[in-house]
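Biologist: Could you walk me through one part of this model with me? I would like a close look at a single group of charged side chains.

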Amino acid sequence: MIIDPHVLRSLHRSELRKRILFYLNEIYPSGTYLSEIARVIRSDPSNVKGALVGMGNRYNGESSLVYLGLVEEVNQDGFRYYRLTEYGKKVVEFLKTYQTYYTRFM
């Protein structure tokens, strides 16, 4: 599988994005809402929103998880949920093997 280098760069630049991805991977294929993600990974909801969809000058939208295609936003009954995509799941599996490999040299 080929992973876009921009995706890897974005994830390496943000520990929060990686924590969100790993949490959504744990509950895959289910999705959840923003506040639940923030509560589980112990972060502020505004930071989680920035990592998911970007937020003005504070978070770059082009590096957000939704923009990169790793997470999809589902609107259902007036509520917004976030769920890992198939591509996002493959990236998480790659990161798990990559981190194991990478830590051998540290």
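**Salt bridges around E93**

Modeller: Happy to! This is a predicted model, and a good place to start is the pair E93 and K89, whose side chains meet in a salt bridge at 4.0 Å from N to O. Why can these two reach each other along the chain? E93 and K89 are four residues apart in helix α5 (residues 86-103), so about one helical turn separates them. As for exposure, E93 has a relative accessible area of 36% and is partly exposed. K89 is partly exposed as well, with a relative accessibility of 24%.

Now follow helix α5 the other way from E93. K96 forms a salt bridge with E93 too, and here the closest N and O atoms are 4.0 Å apart. K96 and E93 are three residues apart in helix α5, about one turn of the helix. K96 counts as partly exposed, at 36% relative accessibility. Put together, K89, E93 and K96 are linked in a network of salt bridges.

For context, the structure holds six salt bridges. One of them lies in another helix: R39 pairs with E36, with the closest N and O atoms 2.7 Å apart. R39 and E36 are three residues apart in helix α3 (residues 34-41), so they too are separated by about one helical turn. R39 is exposed, its relative accessible area being 52%, whereas E93 is partly exposed.

How values were computed
Residues are numbered from 1 along each chain as its sequence is written. This is a predicted model: local features need pLDDT of at least 70, side-chain atom pairs count only at pLDDT 80 or more; totals for chains, interfaces and linings use all residues. Side-chain values use heavy atoms; hydrogens and water are left out. Helices (H or I, at least four residues) and strands (E, at least two) are DSSP runs, numbered from the N terminus. Buried means under 20% relative accessible area, exposed over 50%, partly exposed in between (1.4 Å probe, protein chains only).
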